[in-house]
Amino acid sequence: MSDDRHDELIALARASAPRPVVLVDGRSGSGKSTIARELAEGLDAQLVRMDDLYPGWDGLERGSRDVHDLVLAASGPRWQRWDWTADRPAEWHELDVSRPLVIEGCGALSRANRALASFGIWVELDDATRKIRALARDGDEYAPHWDRWAAQEDAFIARENPRDLADVVIER
């Protein structure tokens with residue numbers, strides 16, 4: 001992301017609320033993690049990566065609901081890390097309600113979540129490039145699950161239409 005675009009996104013997020021809550025969504029491999037990390041640094045925000053809380057390879061819907069129920073709508077926001085190696089829940093992480101928050105992952109930008117956030121970003125990238133990037137990043141562990149995960153993304157996108165919920169669409 002260019003420096004100008006980076007600064008513009010930080011300014012827009014900052015202007016969205018006294019305590020910005022930013023949702024960064026897009027399909028696997030689109031580049032949302034990089035954008036979210038840069039935003040979190042620029043806002044001095046807490047960063048919740050949905051990859052850390054999806055409960056396994058069939059967990060996109062549950063992850064999206066957990067963002068709503070445990071992080072955004074909760075009086076004591078927190079999230080539970082998923083231990084991918086042991087295939088079970090792990091430790092809990094408390095969030096500071098006074099600090100800005102960036103939540104990144106496919107499923108972040110649902111209608112219910114958007115109603116509780118101040119700013120939404122959708123990241124778009126063509127399918128072929130996304131797949132190359134995702135498999136280069138996660139390799140053999142992700143390859144057997146690509147189609148399974150993509151089907152969950154398809155269902156979420158068809159139901160929630162996150163692109164239309166976004167304040168900004170980034171085409172990469």
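This report walks through a helix, the nonpolar cores and some charged residues of a predicted model.

## Helix α3

Let's start with α3, which covers residues 60-72. With 13 residues at 1.5 Å a residue, α3 should span 18 Å, and its end C-alpha atoms sit 17 Å apart, so the two values agree. Still, α3 has a kink of about 30°, centred on aspartate 66.

Aspartate 66 is also one of the buried residues of this helix. The others on that list are Leu60, Gly63, Ser64, Val67, Val71 and Leu72. What covers them? The cover includes the strands β1 (21-26), β3 (78-83) and β5 (101-104), along with the helices α4 (111-114) and α6 (146-160).

## The nonpolar cores

Two of those buried α3 residues, Val71 and Leu72, turn up again in the largest nonpolar core. This core has 25 residues, and Val71 and Leu72 are among those with the most contacts inside it, together with Leu23, Val48, Leu101 and Ile103. Which elements give two or more residues to it? They are β1, α3, β5, α5 (127-142) and α6. The largest share comes from α3, with four residues.

Valine 48 is worth a look on its own. Leaving aside residues up to four places away in sequence, valine 48 touches Leu53, Trp79, Leu95, Leu101, Val102, Ile103 and Glu104. There's also a second, separate core of 17 residues, which includes Val22, Ile35, Leu39 and Ala40.

## A buried charge in β5

Glutamate 104, one of the residues that valine 48 touches, lies in strand β5. Glutamate 104 is buried, yet has no salt bridge. Which side chain of opposite charge is nearest? That's arginine 49, which is 4.0 Å away.

Again leaving out residues up to four places away in sequence, glutamate 104 has plenty to touch: Val24, Lys32, Ser33, Ala36, Leu47, Val48, Arg49 and Met50.

Arginine 49 does have a salt bridge with another residue: its side chain meets that of aspartate 51, at 3.6 Å from N to O. Arginine 49 is partly exposed, with a relative accessible area of 30%, and aspartate 51 counts as partly exposed too, at 31%.

## Salt bridges elsewhere

How many salt bridges are there? The count comes to 16. One of them pairs arginine 27 with glutamate 153, at 3.1 Å from N to O. This pair links distant parts of the chain, as arginine 27 is in the loop between β1 and α2 (32-43), while glutamate 153 is in helix α6, 126 residues apart. Are these partners buried or exposed? Arginine 27 has a relative accessible area of 16%, under the 20% cut-off, so it counts as buried. Glutamate 153 is buried as well, with a relative accessible area of 1%.

Another salt bridge joins arginine 159 and glutamate 160, at 3.0 Å from N to O. Here the two partners fall into separate classes: at 40% relative accessibility arginine 159 counts as partly exposed, whereas glutamate 160, at 10%, counts as buried. Arginine 159 and glutamate 160 also belong to a network, joined with Glu61 and Arg111 through salt bridges that share partners.

Methods
Residues numbered from 1 in each chain as written. Predicted model: local features only at pLDDT ≥ 70, side-chain atom pairs only at ≥ 80, totals over all residues. Heavy atoms only, no water. Expected span 1.5 Å × (residues − 1). Bend = angle between axes of the 7 residues up to and from the residue. Buried < 20%, exposed > 50% of the residue type's maximum accessible area, 1.4 Å probe, protein only. Contact = heavy atoms within 4.5 Å. Lys, Arg positive; Asp, Glu negative; His and termini not counted. Core = buried A, V, L, I, M, F, W, Y, C linked by side-chain atoms within 4.5 Å.
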